[in-house]
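User: Please take a close look at the aromatic rings in this model and at what surrounds them. I would like one connected explanation.

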Amino acid sequence: MTEKAFKGDLKRLRLKRYDVCEMLHCTMPTLKSRINKPETFTVNEIVMLKDNGFSLLYNNLLNIIR
């Protein structure tokens, strides 16, 4: 579910995974593991994603945290 939301946001925002890696200051393997295990996202990363328009992923992550 998280990966589907992530891909949807990427497509809507016309970004690549590498753009998100730069945004979060992480490597591609780290981003991939975060998407596979969304509970590993930090609060700062979630806020940064929200601030950059990742609304589908943000809502999905909030549902997981609750």
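Analyst: In this predicted model, the count of aromatic pairs comes to one. The two rings belong to F6 and F54, with centres 6.2 Å apart and planes at 15°; the pair is stacked because an angle under 30 degrees counts as such. The partners come from distant parts of the chain, 48 residues apart. F6 lies in helix α1 (residues 2–13), while F54 lies in the loop between α4 (43–51) and α5 (55–65).

Are these two residues buried or exposed? F6 has a relative accessible area of 0%, so F6 is buried, the limit being under 20%. F54 is also at 0% relative accessibility and therefore counts as buried.

Both residues also appear in the largest nonpolar core, which has 15 residues. F6 and F54 are among the members that touch the most other members, together with V20, L24, L31, F41 and L49. Two or more residues of this core come from each of α1, α2 (17–24), α3 (28–36), α4 and α5. The helix that gives the most is α2, with four residues. In soluble globular proteins, nonpolar side chains tend to be buried together.

L49 shows some of these contacts in detail. Leaving out residues up to four places away in sequence, L49 touches V20, M23, L24, F41, F54 and L57. F54, one ring of the stacked pair, is thus a contact of L49 as well.

Another ring has a charge as its partner: the charged end of K50 sits over the ring of Y58, 5.5 Å from the ring centre.

Notes: Residues numbered from 1 in each chain as written. Predicted model: local features only at pLDDT ≥ 70, side-chain atom pairs only at ≥ 80, totals over all residues. Heavy atoms only, no water. Phe/Tyr/Trp six-rings, centres within 6.5 Å; stacked < 30°, edge-to-face > 60°. Buried < 20%, exposed > 50% of the residue type's maximum accessible area, 1.4 Å probe, protein only. Lys NZ or Arg CZ within 6 Å of the ring centre and 35° of its normal. Core = buried A, V, L, I, M, F, W, Y, C linked by side-chain atoms within 4.5 Å. Contact = heavy atoms within 4.5 Å.
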